[in-house]
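Biologist: Hello, I'm new to this structure and would love a close look at a single part of it. Please pick some loops, and walk me through them and whatever lies around them.

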Amino acid sequence: MGNSVLDGRSPAVSSGGVITKFYSSGAWIDGRAEEQLNHVASWAEVQKIAAFPDLHPGKYGPVGCAILADRVFPQLIGSDIGCGMSLFELSLPTRKLKLEKALRRMRVLGEPVCDDHSTRLEAADLPTNLQPGGLGTIGGGNHFCEVQAVAQCAEGIDLDPSRLYLLVHAGSRGVGSAVFDALPQGAFDGLAPGSDAAETYLKAHDHAARWARLNRQVIAERAADALRSDLRLCVDAPHNLLTHHEGGWLHRKGAAAIGAGLVPLAGSRAAPSFLMSAMDHPDALGSLAHGSGRRYDRASMHGRLRAKKSDIDAMQRTRFGGRVLCEDRDLLIEEASLAYKSPDAVAADLEGMGAARRVAVFHPLLTFKKTRERGRA
């Protein structure tokens with residue numbers, strides 16, 4: 001829609017904003033995602049957009065991009081405010097993992113949370129009654145908690161290849177949804193910075209983002225406790241987030257905040273994940289791809305895979321000898337590896353465009369997604 005789009009090289013400028021693509025012409029990009037991308041770029045208030053190789057269609061706009069605008073557009077962040085990925089190092093050596101025992105113990109992540117988290121909420125500068133019972137829960141969709149082993153690691157990276165790692169992907173659950181549902185009429189047209197509506201949204205947004213970060217921490221603590229292990233946070237990278245940037249408002253939707261320079265790039269249950277080191281590309285808007293990105297939407301996956309018992313059993317095992325704990329048949333199909341792009345191709349495009357480089361490779365050993373709800377067969 002009036003924009004010249006270049007592959008990570010000297011982006012052209014137009015009245016509709018600037019798009020810099022960080023993916024090659026051979027990347028798997030759904031045409032609907034690029035239509036959404038061009039539509040958002042046509043908004044008068046949009047200054048710049050960085051589009052990453054995990055780009056795919058979303059409900060209100062493309063997922064896998066960072067958008068700098070003069071106004072606040074809550075729909076570009078969505079309802080799962082603060083959603084992101086946290087990588088933790090466990091004190092448990094890889095050689096001591098007993099997979100079947102760990103599988104049984106990790107089921108605790110599907111149980112209700114009984115701990116009192118009011119003190120943790122207060123320490124995070126959050127109201128002590130802000131959905132304390134939801135902390136430590138993963139939710140559905142593409143969220144997970146995964147035990148990983150280091151397959152490769154570059155020199156100088158603060159990782160111990162002999163130890164296990166946890167990658168947690170989770171967000172703000174009902175907290176973010178409540179913020180989104182409370183938006184005033186006309187909010188999708190953009191909120192003027194400094195207006196009462198914008199200030200109200202930003203305060204609620206920041207609460208949800210802090211809640212989401214704490215949620216990932218509590219999930220990791222529950223998993224580490226189940227595995228009889230201590231843990232250390234390596235990196236936390238939110239990818240649904242609104243921040244003030246270069247005099248405007250940076251909307252990250254499925255685009256990880258670089259932060260300290262390292263970003264987890266999640267694969268699928270049948271593919272490795274990577275730790276990426278950002279190369280400070282001037283047009284990346286302080287962001288990177290957050291994962292491999294969807295190749296097929298959830299609805300279409302039910303027509304692409306068989307759902308016989310043998311097929312379901314096969315989806316719960318990986319080529320790395322790992323296991324997937326997901327007792328929701330529909331979710332297992334919708335989140336099968338076929339639904340996702342190649343994380344290797346995504347990482348290769350980021351490297352080719354000078355946006356990041358791979359510094360570690362992780363293989364999935366045990367992925368927790370969902371157990372059966374109580375009272376159901």
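**Loops, and a helix with a covered face**

Modeller: Happy to! Let's begin with E246, which sits in the loop joining β9 (240-245) to β10 (248-253). Please keep in mind that this is a predicted model. Its average pLDDT is 92, and 94% of the residues score at least 70. Residues 1-15 call for more care, as pLDDT stays under 50 there. Where pLDDT is low, the predicted coordinates should not be read in detail.

Back to our loop. The phi of E246 is positive, near 50 degrees, and E246 is not a glycine. For context, most residues other than glycine have a negative phi. E246 is also exposed, with a relative accessible area of 55%.

Now move along the chain to L285, in the loop between β13 (273-278) and β14 (287-289). L285 is another residue other than glycine with a positive phi, this time near 55 degrees. Is L285 buried or exposed? With a relative accessible area of 4%, L285 is buried, whereas E246 is exposed.

A further loop, the one between β12 (262-265) and β13, holds S268. S268 is buried because its relative accessible area, 5%, is under the 20% cut-off. Leaving aside residues up to four places away in sequence, S268 touches S337, Y340 and P364.

The strands beside these loops lead us to helix α10, which spans residues 343-352. Among the elements covering the buried residues of α10 are β12, β13 and β14, together with β3 (46-56) and β16 (356-370). Which residues of α10 are buried? They are P343, V346, A347, D349 and L350. Looking down the axis of α10, you would find these buried residues within an arc of 160 degrees, so they line one face of the helix. The spacing helps here: an α-helix has 3.6 residues a turn, so residues three or four places apart point the same way. After α10 comes G354, with a positive phi near 75 degrees.

Finally, β3 takes us from the helix to a pocket. Besides helping to cover α10, β3 is one of the elements giving two or more residues to the lining of the largest pocket, along with α2 (74-77) and α5 (173-181). That pocket holds about 940 Å³ of space. Of its 47 lining residues, H56, V63, N142, K253 and R298 lie nearest the centre. By class, the lining has 21 polar, 13 charged and 13 nonpolar residues.

Key. Residues are numbered from 1 along each chain as its sequence is written. This is a predicted model: local features need pLDDT of at least 70, side-chain atom pairs count only at pLDDT 80 or more; totals for chains, interfaces and linings use all residues. Side-chain values use heavy atoms; hydrogens and water are left out. Buried means under 20% relative accessible area, exposed over 50%, partly exposed in between (1.4 Å probe, protein chains only). Helices (H or I, at least four residues) and strands (E, at least two) are DSSP runs, numbered from the N terminus. The arc is that of the directions from the helix axis to the C-beta atoms. Contact means heavy atoms within 4.5 Å. On a 1 Å grid over the protein atoms alone, a cavity is a set of points where a 1.4 Å probe fits but cannot get out, and a pocket is an open set with protein on both sides within 12 Å along at least five of seven lines; lining residues have an atom within 4 Å of a point. Grid points are joined across faces, edges and corners, and a volume is the space filled by probe spheres set on the points. Ala, Val, Leu, Ile, Met, Phe, Trp, Tyr, Cys and Pro count as nonpolar, Asp, Glu, Lys and Arg as charged, and the others, Gly among them, as polar. pLDDT is the predictor's confidence in each residue, from 0 to 100.
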